[in-house]
Amino acid sequence: MMSGTPWVTSHGGAVIPHVEVDTVYYGQGWNQPASGRIILNTGAGIIGQLDQYFATLTQSSYMSMLGEYGVGQGHFGKDDIVTNSASPASGATVSEGEVQNMLQTEIANNRLPTPNGSQVYMVFLPPGVHSQFDLDNGFLAHHNSFQMQVFSGYRYVQSTAGMYLIAVPYYRTQTVTYAVMPYPGGGNPVGTSLTALTPFQQLTEEASHELSEAVTNPDEAVLQIAFPNGTPNPFYLYFTTNPGSGWYDDTTGNEIGDIANQYYGTFDGYIVQREWSNFYKANILPTVDSSYFGSSPYLYAGVNQNFTGSLNGHTLLVSVGPAGIYTEWQIGANDYSGWMFPPSTLTSYR
Ligand SMILES: [Zn+2]
């Protein structure tokens, strides 16, 4: 690569190929009827609108657009509205530790799904609540991770007398991937290129940035304890940033959303951010909305050809090149788009 050209590489870690987005509305300000807490309620209320946004986005070609990084479509899980007296009141500033403690509590009490490596918990702060980490770094929002012990079943061991089987719970260490989304304005920064957008549009723009990064670099983490010289020594203990083991640019540290930061467009009726594509060497969005295909039957196309077909009255072009295939097509109720690598491994696709 020419110097200065953005280029992300994998650092050997796993991505989240089929994400489950769970939303968390954290703060007393969400305890308003006008917030619309009903899941997938498309009526009034920003909570219902945000849940609907993730239900749409995760099952759209916006996710399969990330196919070159090993990511495809996922789904929306559930929401969790945390408005108890311990949650931040208007004017409060939450620390990263408070967010992580809250997530651990909600998971331990089964108000959020137990993480298995597929979840990204999208934490939304209500108007007037601030994120210390974002204020410190001048960020609009961020994604992060931490590790927790999660219950992983029972092992049965024999009692010393050999007469009884004793159930012993055991736990595994699980990485928890999440993002924090402060409500823009009211003391929280507004993106310099986003000022023309409504707060809801700013949130969907920023959420697409963080979600795309979280699935392609799920274990990026800050506030990690590091030991210089590799030796645990309390006198040299400090906090550092773990850039993660997924996709980012070694020269700049930028992830796919950072390179495309605040370049946005409209997709499926929502304002979303473009994301960096190594393949196109550009910040990209899907070329057509999900509704373009409607509900439609299978479309078949061969490899090593450009295919033009007709589906639901739409003409489709499937482009096959030496570096990959780009197409958009329909399987069952879902539409898919993106790149398939490498084309030589495919005999047919549909
Ligand atoms: Zn970013």
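Why is the arrangement of the four donor atoms around the zinc ion irregular? Before I get there, a quick word on the setup. This is a predicted model, where local features need pLDDT of at least 70, side-chain atom pairs count only at pLDDT 80 or more, and totals for chains, interfaces and linings use all residues. Numbering runs from 1 along each chain as its sequence is written, and side-chain values use heavy atoms, with hydrogens and water left out.

Okay, the zinc. Its donors are H209 (NE2), E213 (OE), E213 (OE) and D258 (OD), at 2.0 to 2.4 Å. A donor here is an N, O or S atom within 2.8 Å of the metal (3.2 Å for Na, K and Ca), and water is not among the atoms, so sites may look incomplete. The angles run from 57 to 132°, and that's why we call it irregular. For four donors, tetrahedral needs all angles between 85 and 135 degrees, while square planar needs opposite donors over 155 degrees apart and all others between 65 and 115.

Along the sequence, the spacing is H-x3-E-x44-D. H209 sits in helix α5 (residues 199-216) and D258 in helix α6 (residues 256-259), 49 residues apart. Helices are DSSP runs of H or I, at least four residues, and strands are runs of E, at least two.

H209 is buried at 6% relative accessible area, whereas D258 is partly exposed at 26%. Buried means under 20%, exposed over 50%, partly exposed in between, with a 1.4 Å probe and protein chains only.

One backbone oddity after α6: Q262, in the loop between α6 and β12 (264-267), has a positive phi near 70° without being a glycine.

Notes
Four donors count as tetrahedral if all angles lie between 85 and 135 degrees; four count as square planar and six as octahedral if opposite donors are over 155 degrees apart and all others between 65 and 115; anything else is irregular.
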